[in-house]
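These are my notes from one session with the model. I set out to look up a strand, a pocket and a helix.

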Amino acid sequence: MTRQDSPRSADPGTPAIRMEDVDKWFGKFQALNKINLEVARGDRIVVCGPSGSGKSTLIRCINQLETVQGGRIFVDGVELTAGPKNVEKVRRDVGMVFQQFNLFPHMTVLQNCMLAPMKVRGASRAEAEETARRYLARVKIPEQADKYPAQLSGGQQQRVAIARALCMNPKVMLFDEPTSALDPEMVQEVLDTMIDLAQEGMTMVVVTHEMGFARKVADRVVFMDAGEIVEAGEPESFFSNPRHKRTKTFLGQISAA
């Protein structure tokens, strides 16, 4: 598959994601307050925090599923907040996996994965199918290609959602609590898929409560509370020596759960 429709890659030293003083309001409620975050290429960032802290809002702002009222957001050097044309370009290179799988129920697994490359990138049916089968194999469910989503387990559906995002050959993958809707026994198969992606160097921002995943995979853990980034650091120091009182309280609640 060609990438001629993608925005031109920025200089290798350009951050994959940069957020500068980002504010987001829902009516009178401020969901994000002066967010500053930089993600280097190949970084794996885990965003955690209590419910309502702004984690999902932050990740949805990165590809402008939520528009911001202040600040600037750049992906691969392209400013999303500069206008809709840039948003359209950037979204082609940002894969997103949601809490709910959002698969088209009337399409097979293979058709779900082929749709965006054909519609957005202009891939031929043969190219799209070859790509879809390759990524279904990568997430270890090639045998499910001709089934419909309702015939799969939750864990399998989420792996299809990951494969579908990968079929666009993204530069960045965003995960918004990808295991929260799964039964406990299905969580690990999705986390294993994400670990494989991380080990292959994919730039990832992951909103999750799975602290074991954060310890194992993250280059940096970002803790949010009340719409602010309270603390960020490497996993070892973040978990063993949190600096902020709110971080200590959150980690204590997580470990006690």
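Entry 1, the strand. The model is a predicted one. I began with β6 and asked which way its side chains point. Val94 and Met96 point one way, Gly95 and Val97 the other. I noted that all four of these residues are buried. I then looked up the pairing of β6 and found four bridges to β7, residues 172–176. The two strands run parallel. Met96 of β6 stands opposite Leu174 in β7.

Entry 2, the pocket. I looked up the largest pocket and recorded a volume of about 610 Å³. Its lining comprises 21 residues, of which Arg91, Val94, Met96, Ala116 and Met168 are the closest to its centre. Val94 and Met96 are thus met again here, having been noted as pointing one way from β6. Which elements each supply at least two residues of the lining? I listed α2 (84–91), β6 (94–97), α3 (109–119) and α5 (154–166). By class, I recorded 12 nonpolar, four polar and five charged residues in the lining.

Entry 3, the helix. I turned to α6, residues 184–199, which has 16 residues. From its first C-alpha to its last, α6 reaches 24 Å, close to the 22 Å expected. I found Met186, Val187, Val190, Leu191, Thr193, Met194, Ile195, Leu197 and Ala198 buried in α6. What covers these buried residues? The cover includes β3 (44–48), α4 (125–138), α5, β7, β8 (203–207) and α7 (211–217). Lastly, I noted that Gly201, just after α6, takes a positive phi of about 95°.

Key:
Residues are numbered from 1 along each chain as its sequence is written. This is a predicted model: local features need pLDDT of at least 70, side-chain atom pairs count only at pLDDT 80 or more; totals for chains, interfaces and linings use all residues. Side-chain values use heavy atoms; hydrogens and water are left out. On a 1 Å grid over the protein atoms alone, a cavity is a set of points where a 1.4 Å probe fits but cannot get out, and a pocket is an open set with protein on both sides within 12 Å along at least five of seven lines; lining residues have an atom within 4 Å of a point. Grid points are joined across faces, edges and corners, and a volume is the space filled by probe spheres set on the points. Ala, Val, Leu, Ile, Met, Phe, Trp, Tyr, Cys and Pro count as nonpolar, Asp, Glu, Lys and Arg as charged, and the others, Gly among them, as polar. Buried means under 20% relative accessible area, exposed over 50%, partly exposed in between (1.4 Å probe, protein chains only). Two strands pair if DSSP finds at least two bridges between them. The expected span of a helix is 1.5 Å times one less than its number of residues. Contact means heavy atoms within 4.5 Å.
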